[in-house]
Each structure stands twice: as C-alpha cells, then as structure tokens.
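Good morning, and thank you for making time for this item. I would like to take you through one structure, beginning with a term that we shall need.

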Amino acid sequence: MARWSTHSYVYTQHRVWLAGQPRQVIVFFKLATEENLIEVFPKVIRDQPSKYEPILYETFSLQKMNALFGREGGE
C-alpha cells in the first residue's frame with residue numbers, strides 16, 4: 001500500500017509480547033499476480049508526485065524478498 005499511495009498509507013508496526021516464551025511468526029501476504037503492474041493510484045499523483053516508477057509485481061516481490069533475506073541480484 002505504501003508504494004501504491006506514495007506513502008500516504010503505511011503499515012502499522014506489529015509487536016507481540018509473550019511473557020518470556022519464545023515465539024516464531026511467519027506471515028505471507030500476496031497482493032497481486034506476477035503480471036500485475038504496481039503503480040501509484042491516479043488520485044494520489046494528482047495531489048503529489050510519485051516516488052516510484054511502475055513495476056511488475058513479480059519484479060517487486062523478488063526485490064523485496066532479496067532485501068529481506070540479504071541476497072543481491074535476484075537469484
């Protein structure tokens with residue numbers, strides 16, 4: 001949503017505290033199909049310039065996963 005809205009909408013940081021017990025959380029959200037083009041909502045770019053160029057969801061997803069898991073180059 002941050003990318004679609006040029007950061008007008010951002011995520012809320014989620015924190016869980018479990019009285020000294022270990023906890024592991026795995027979350028997966030798939031927002032689109034690989035062929036979908038992610039670009040700023042038209043209403044947003046009327047109000048402010050876009051911070052991002054349009055990108056295919058497949059490319060965006062690979063970049064995000066590589067950044068999260070410390071890989072470069074998309075492989």
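By contact I mean heavy atoms within 4.5 Å of each other. With that in hand, please turn to S5, and bear in mind throughout that this is a predicted model. Leaving out residues up to four places away in sequence, S5 touches F41, V44 and Q48. S5 is situated in the segment before β1, the strand that covers residues 37–38. Is S5 buried or exposed? Its relative accessible area is 0%, and buried means under 20%, so S5 is buried.

Let me now step back to the overall architecture. The protein contains 2 helices and 2 strands, and from the N terminus their order is β-α-β-α. The radius of gyration is 16 Å, whereas the globule rule gives 11 Å for 75 residues; the protein is therefore more spread out than a compact globule. Measures along the principal axes are also available: the C-alpha trace spans about 50 × 30 × 20 Å.

How much of the protein is buried? Of its 75 residues, 15% fall into that class. The accessible surface amounts to about 7,000 Å², and carbon and sulfur atoms account for 56% of that surface. On the matter of charge, there are 9 positive and 8 negative side chains, with 13 Å between the centres of the two sets.

I turn next to the interior. In soluble globular proteins, nonpolar side chains tend to be buried together. Here, the largest nonpolar core has 5 residues: W4, A32, I38, I55 and Y57. One of these, Y57, deserves a separate word. Setting aside neighbours within four places in sequence, Y57 is in contact with F29, K30, L31, A32, T33, E34, N36 and I38. Two of the names in that list, A32 and I38, belong to the core as well.

On contacts in general, consider pairs of residues at least 6 apart in sequence. Among these contacts, 56% join residues at least 24 apart.

My last residue is S61, which is found in helix α2, residues 57–68. Its relative accessibility is 21%, and the partly exposed class lies between 20% and 50%, so S61 counts as partly exposed. How far is S61 from L31, 30 residues away along the chain? Their C-alpha atoms are separated by 9.7 Å.

To close, I return to the two serines: S5 is buried, while S61 is partly exposed. Thank you for your attention.

Notes: Residues numbered from 1 in each chain as written. Predicted model: local features only at pLDDT ≥ 70, side-chain atom pairs only at ≥ 80, totals over all residues. Heavy atoms only, no water. Helix = DSSP H or I, 4+ residues; strand = E, 2+ residues; numbered from the N terminus. Rg over C-alpha atoms; globule rule 2.2 N^0.38 Å. Buried < 20%, exposed > 50% of the residue type's maximum accessible area, 1.4 Å probe, protein only. Areas by Shrake-Rupley, 256 points an atom, 1.4 Å probe, with all protein chains shown as cover. Lys, Arg positive; Asp, Glu negative; His and termini not counted. Charge placed at Lys NZ, Arg CZ, Asp CG, Glu CD. Core = buried A, V, L, I, M, F, W, Y, C linked by side-chain atoms within 4.5 Å.
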